[in-house]
Amino acid sequence: MNTHIPSARDIIGPSPLIAIENEAPPKLIVDPPLPEPLAQGRVFIQYRTENLRVLPVFGKGALEVSPRIGHIHVTVDDAPWHFVDTSGETLILVGLKPGPHKVLIELADPTHKVITSETVTFTVPEPER
């Protein structure tokens, strides 16, 4: 029987107080929208990152921070614009018309250079009458 209890480092990663040499590449993990809110026309998308902390810090100087920091860009339905999120919390989209949609979520460094991305597709249902 394995009685190993995960250490704090196992769960939350390396201490942000010590520089990391040869950091592993950042990863972006995005879940499909939560089904309960989606059934009501609200889109809640949970995501997480590995090897990068999502923080509201920008500029070239922030590229030297270890562990890495960054933010996400969110583009809805191929819009010619995106919005930036630095909260690290669930993305919430409301007001989308019923029908198919896609959301591009890009993990970006402090200078807005895209590191990696994921696209989520889903259908907002017709409202119940």
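Trainee: Is Thr-75 buried or exposed?
Mentor: Thr-75 is buried, because its relative accessible area is 10%, where buried means under 20% relative accessible area, exposed means over 50%, and partly exposed is in between, with a 1.4 Å probe and protein chains only. Keep in mind that this is a predicted model, in which local features need pLDDT of at least 70, side-chain atom pairs count only at pLDDT 80 or more, and totals for chains, interfaces and linings use all residues. Residues are numbered from 1 along each chain as its sequence is written, and side-chain values use heavy atoms, with hydrogens and water left out.

Trainee: Which element does Thr-75 lie in?
Mentor: Thr-75 lies in strand β5, which covers residues 69-76. Strands here are DSSP runs of E with at least two residues, helices are runs of H or I with at least four, and both are numbered from the N terminus.

Trainee: And what is Thr-75 in contact with, leaving aside its neighbours within four places?
Mentor: With those neighbours set aside, Thr-75 is in contact with Trp-81, His-82, Lys-102, Val-103 and Leu-104, contact meaning heavy atoms within 4.5 Å.

Trainee: Lys-102 caught my eye; which side chain does it meet in a salt bridge?
Mentor: Lys-102 meets the side chain of Asp-78, at 3.3 Å from N to O; a salt bridge is a side-chain nitrogen of Lys or Arg within 4 Å of a carboxyl oxygen of Asp or Glu. Asp-78 lies in the loop between β5 and β6 and Lys-102 in strand β8, so the pair ties together parts that are 24 residues apart in sequence. Asp-78 counts as exposed at 59% relative accessibility, whereas Lys-102 counts as partly exposed at 31%.

Trainee: How many salt bridges are there in the whole structure?
Mentor: A search of the whole structure finds three. Lys-27, Arg-48 and Glu-50 are linked in a network of them. Within that network, Glu-50 pairs with Lys-27, their closest N and O atoms being 3.8 Å apart, and since Glu-50 lies in strand β3 and Lys-27 in strand β1, the pair ties together parts that are 23 residues apart in sequence. Glu-50 also meets Arg-48, at 2.8 Å from N to O.

Trainee: How exposed is Glu-50?
Mentor: Glu-50 is partly exposed, with a relative accessible area of 27%. Its partners are partly exposed as well, with Lys-27 at 44% and Arg-48 at 43%.

Trainee: New topic: what is unusual about phi of Asn-51, given that most residues other than glycine have a negative phi?
Mentor: Phi of Asn-51 is near 65 degrees, which is a positive value in a residue other than glycine. Asn-51 sits in the loop between β3 (47-50) and β4 (53-54), and its relative accessible area of 34% makes it partly exposed. Asp-77 also has a positive phi, of about 50 degrees, although it is not a glycine. Asp-77 is found in the loop between β5 and β6 (83-85) and counts as partly exposed at 34% relative accessibility.

Trainee: Which residues touch the most other members of the largest nonpolar core?
Mentor: Of its 20 residues, Val-43, Val-103, Ile-105 and Phe-122 do. A nonpolar core is a set of buried Ala, Val, Leu, Ile, Met, Phe, Trp, Tyr and Cys residues joined through side-chain atoms within 4.5 Å. The elements that give two or more residues to this core are β1 (27-30), β2 (43-45), β5, β7 (91-93), β8 (99-108) and β9 (114-124).

Trainee: What does Val-43 touch, not counting residues up to four places away?
Mentor: Outside that range, Val-43 touches Pro-33, Leu-38, Leu-91, Ile-92, Leu-93, Leu-96, Phe-122 and Val-124.

Trainee: Where is Pro-125?
Mentor: Pro-125 is in the segment after β9 and is partly exposed, with a relative accessible area of 31%. Apart from residues up to four places away in sequence, Pro-125 touches Leu-38, Ala-39 and Pro-98. The C-alpha atoms of Pro-125 and Lys-113 are separated by 34 Å, the two being twelve residues apart along the chain.

Trainee: Last one: how many helices and strands does the chain have?
Mentor: The chain has two helices and nine strands, and from the N terminus on its elements run α-β-α-β-β-β-β-β-β-β-β. Of its 129 residues, 31% count as buried.
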